[in-house]
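Here's a quick briefing to read alongside the coordinates. Have the viewer open and click through as you go.

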Amino acid sequence: MAGVAERYVIGVDIGGTKLLAGAVDTQGTVSHRTNRPVLGLDQPELLDMIVDAVEHIRTGVGEVAAVGFGIPCTFDRRTGVAVQAVHLPLRDLAFAAVMQERLGVPVAADNDGNCSALCEARAGVARGCSDVVMLTLGTGIGAGLVLGGKLYRGWMGAGAELGHMVIDADGPPCHGNCPNHGCLEVMASGSALVREVSLAVSRRPDTPIGAALEEGRELTGPLIDELARAGDPVAIAALEKIGRALGVGIANVVNIFNPQMVVIGGGMIGAGELLLAPAREVMRERALSPQRDEVRVEAASFGPEAGMVGAAILAAEETGLATRDLSEAA
Ligand SMILES: [Zn+2]
């Protein structure tokens, strides 16, 4: 293993609109970041773009031990095939094998929710916890489970899609390829928050958020957070409603997995306690004892880089390189 400690691992997080990549050293420090738009690319263009981004970083850092990818899609880990992505042109592709061939270094690939969970469990707020549930609240809801210190992915490796647990069987239809109704994703994601606020504003236009929309500002999560902090009653009520729906989902995962910590990340966690306080309250009302009594529900410590850093940690762990150094850093 001599010399390995000086090598970098590259983490790549591929989202629906952009790719974020960086080199992670054994201290967990990220450098040589690159950020590329991926919207509108077809599959060959996307693969070329990924290779180009990785090569660009490799030129900057020199020797690279492995490359890890976090991708918002379901995997069949028996075959290594990326089966289905809602927002990317990836379908039935042996992603890791293709990338390994093109890059000439060991490659690991996993669902982006799993990568974020690994990041928080190894280097983030849940560091030192053996059993962690992570929910990433953005436009949709990503998720990952670290159980007994390891990522848990289920039989085929397609888990853990906790965003698609049902919290209202008669709720609205879910997004994209999901045939279900009332999934956590459709009840507690950023899209749900925007939907909730736009309904409420149509009933109560005489509020700061109504005035902001009147001025032509776009209704987004950050605007809702900003106005909630300034005391807007509509924004506060919507965040509380979404937080309570989130709490129902958290009660389910607390009952089922008995985690030490539930980590909430993604863009929506910018709302902080406005979202987490009602979520904790509902979890404690609904979950069973003793699971509910000592579980902690916390905001993630990594922001938008959790998927990228987690992908690098995954690659380091799967290739047996620098794992301890990477995990004990940051
Ligand atoms: Zn669903």
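In this predicted model, helix α3 lies across β9 (132–137), β10 (141–147), β11 and β12, and its direction makes an angle of about 50° with β10. Those strands belong to an open, mixed sheet of 5 strands, ordered β11-β10-β9-β12-β13. A second open sheet, also with 5 strands and mixed pairing, has the order β3-β2-β1-β4-β8. The bullets below take each sheet in turn, then a helix pair, a pocket and some backbone oddities.

**The sheet under α3**

- β11 (150–151) and β13 (296–299) are the edge strands here, and each of them pairs on one side only.
- β12 (residues 261–265) runs parallel to β13, and 4 bridges join the two.
- If you want a register marker for that pair, take I264, whose bridge partner in β13 is A299.
- α9 lies across this sheet too: it covers β9, β12 and β13, and runs at about 165° to β13.

**α3 against α11**

- α3 also has a helix to pack on: α3 (residues 112–123) and α11 (residues 306–318) meet at an angle of about 80°, with 7 Å between their axes.
- How are α3 and α11 oriented to each other, roughly parallel or roughly perpendicular? Angles from 65 to 115 degrees count as roughly perpendicular, and therefore α3 and α11 are roughly perpendicular.
- On the α3 side, the contact uses C115, S116, L118, C119, E120, R122 and A123.
- Facing them from α11 are A306, G307, V309, G310, A311, I313, L314 and E317.
- By class, this contact between α3 and α11 holds 9 nonpolar, 3 polar and 3 charged residues.

**The β3-β2-β1-β4-β8 sheet**

- In the order β3-β2-β1-β4-β8, the edges fall to β3 and β8 (107–111), each with a single partner strand, so one side of each has no neighbour in the sheet.
- On average, neighbouring strands in this sheet are turned by 15° against each other, ignoring direction.
- β2 (residues 18–24) and β3 (residues 30–37) run antiparallel, joined by 6 bridges.
- Within that pair, L19 stands opposite R36 in β3.
- The β2 and β3 hairpin has 5 residues between the strands, and G28 takes a positive phi near 85° there.
- β4 (residues 64–71) goes parallel with β8 through 5 bridges, and V67 has V107 in β8 as its bridge partner.
- Two helices lie across these strands: α1 (residues 43–61) spans β1 (8–14), β2, β3 and β4, at about 155° to β3, while α2 (residues 95–103) spans β1, β4 and β8, at about 150° to β8.

**The second largest pocket**

- About 190 Å³ of space sits in the second largest pocket.
- Its lining is made of P172, M187, R195, E196, K241, I242, R244, A245, V248, V282 and R286.
- Which helix gives the most to the lining of this pocket? That would be α8, with 5 residues.
- α5 (190–203), α8 (233–257) and α9 (273–286) each supply at least two of the lining residues; α9 is the helix already met lying across β9, β12 and β13.
- The lining splits into 6 nonpolar and 5 charged residues, with no polar ones.

**Backbone oddities**

- As background, most peptide bonds are trans, and most residues other than glycine have a negative phi.
- Which peptide bond is cis, with omega of about 10°? Look at the bond that joins S289 and P290.
- P290 sits in the loop between α9 and α10 (291–294).
- D92, a residue other than glycine, has a positive phi, near 50°.
- You'll find D92 in strand β7 (residues 91–93).

Methods: Residues numbered from 1 in each chain as written. Predicted model: local features only at pLDDT ≥ 70, side-chain atom pairs only at ≥ 80, totals over all residues. Heavy atoms only, no water. 1 Å grid on protein atoms, 1.4 Å probe; cavity = no way out; pocket = protein on both sides within 12 Å on 5 of 7 lines; lining within 4 Å. Points joined across faces, edges and corners; volume = space filled by probe spheres on them. Nonpolar A, V, L, I, M, F, W, Y, C, P; charged D, E, K, R; others polar. Axes fitted to C-alpha atoms, helices over the stretch in contact; angles between N-to-C directions. Parallel < 35°, antiparallel > 145°, perpendicular 65-115°, else oblique. Contact = heavy atoms within 4.5 Å. Pairing = 2+ DSSP bridges.
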